[in-house]
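Dear colleague,

Please find the structure below, handed over for your consideration. My notes on what was found in it follow directly after.

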Amino acid sequence: MPEPGSILGHPSLKNPLKGNPCYDIAMISFTEFDYQMMRRALELARQGEGLVEPNPMVGCVIARNGQVLGEGWHQRFGAPHAEVDALANATGEVRGSTVYVTLEPCCHHGKTPPCSAALIRAQVAKVVAPQADPFPRVAGGGFAQLREAQIEVATGLLQAEAADLNAPYFKLQRIGQPWVIAKWAMTLDGKIATASGESQWISGETSRQWVHQLRGRVDGILVGRGTVEADDPLLTARPAGLRTATRIVLDRRAQLRSSSRLVQSVAETPVLVVATPAASDEDIVRLHAAGCDVWISPAEEKADAELLHELLRELGTRGMTNLLVEGGGQVLGSFLAADAIDEVHVFVAPKMIGGEKAPGPVLGAGISQLDRALSFANLRVEPSGDDWHLSGRRAIE
Ligand code: AOF
Ligand code: ZN
């Protein structure tokens, strides 16, 4: 039996197919075996996390008469696609089989030849895929080619799950901006530092280790210059992760100190300073000479929200899929005001410090009407050493 909601899927943010004519919302019924196979394909896909971006994570299972013939996934950027990997691993008669793949098979020559052609050549009977690929060179063309070759195509199976898996990829394809993950650690009473500014450490070792893992799979880690002044952070993943994130500092006047640990370690891990025309040429030259990349937002007087969206577009152009925002409060407040937070990870430590001068995690003007609050769906709560780890993705309006 199909699971409720799994065929029609979500209506907006997570739905890459909204307005996509190639996606037919036919009420196809899927068997329990179909569900099992697609769940497995999604599990395989996830193994590419941190390795494939800015490509999507894709998994594939080939089955025939209730037997799995082969499995595969897109293992890293530039490597064979999931379908080709599964075909290469398949044993037995692939002709007449059903291919379960978590995204529409591609039909373009990219770094690898088209998967649609490989599936047609293999004479599979049916392709089951949750959703179309919004990538403009595919966008329904893969499904169309398969259908032209008399291969049955069924879409919609576990579509919400598949959309969730690749939400950052879909966002990047749709609006050209990376997925924004906000993270902070706070006390039980919602403070991220004492009134005197002491913040090391609110959360425990286990939580901090988790954050290092997260740092190791994102493309950018962003903070404000205030945070650099206060904490002199290194913002690297320790131990190193699957990818090396660029450390990004919001610094309108480009006053990041040359003696900061960020600048001092730029040879090993890149630093991008985000400034405005208010920055002096001298500072820009100084930071360039030290090895930092300096990006000047086009206009000086831009409101924070506009500047952030310009920056996010710039980061999207650079192929960044996931951006981690680590604070401080003013920066997180600007992201909230810009309506630019997609996912949160909050570590709540079993401590209380109080004090009206002790800051909370998200500052700025805030949202004045409760009914306009940013809400999160499926909030997860997990223990993390002595802390609690709360995480969620933005709810779909
Ligand atoms: C698939 N199966 O496993 C993946 C697909 O440059 P290339 O050749 O690696 O192509 C990248 C594009 O291919 C990517 O933007 C997305 O549209 C699609 N990814 N397609 O059929 C896969 N990873
Ligand atoms: Zn492909």
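Is Cys115 buried or exposed? In this predicted model, Cys115 has 0% relative accessibility, and it therefore counts as buried, the cut-off being under 20%. Cys106 also falls under that cut-off, because its relative accessibility is 5%, so Cys106 counts as buried. As for disulfides, the structure holds 0 of them.

I turn next to the interior space. The count of cavities of 30 Å³ or more comes to 1. In the largest cavity there is about 50 Å³ of space. Its lining is made up of Val52, Glu53, Asn55, Pro56 and Met57, together with Leu165, Asn166, Pro168 and Tyr169, and finally Thr321 and Asn322. Sorted by class, these lining residues comprise 6 nonpolar, 4 polar and 1 charged. Glu53 is the charged residue in that lining, while Asn55 and Thr321 are among the polar ones.

The last point concerns Pro350. This residue is placed in the loop that runs between strand S12 (343-349) and strand S13 (376-384). Leaving aside residues up to four places away in sequence, Pro350 touches Leu188, Asp386 and Asp387. Leu87, by contrast, is 51 Å from Pro350 in space, C-alpha to C-alpha, and the two are 263 residues apart in sequence.

With kind regards

Methods
Residues are numbered from 1 along each chain as its sequence is written. Chains are lettered from A and ligands numbered from 1 in the order in which they are written. This is a predicted model: local features need pLDDT of at least 70, side-chain atom pairs count only at pLDDT 80 or more; totals for chains, interfaces and linings use all residues. Side-chain values use heavy atoms; hydrogens and water are left out. On a 1 Å grid over the protein atoms alone, a cavity is a set of points where a 1.4 Å probe fits but cannot get out, and a pocket is an open set with protein on both sides within 12 Å along at least five of seven lines; lining residues have an atom within 4 Å of a point. Grid points are joined across faces, edges and corners, and a volume is the space filled by probe spheres set on the points. A disulfide is a pair of cysteine sulfur atoms within 2.5 Å. Buried means under 20% relative accessible area, exposed over 50%, partly exposed in between (1.4 Å probe, protein chains only). Helices (H or I, at least four residues) and strands (E, at least two) are DSSP runs, numbered from the N terminus. Contact means heavy atoms within 4.5 Å.
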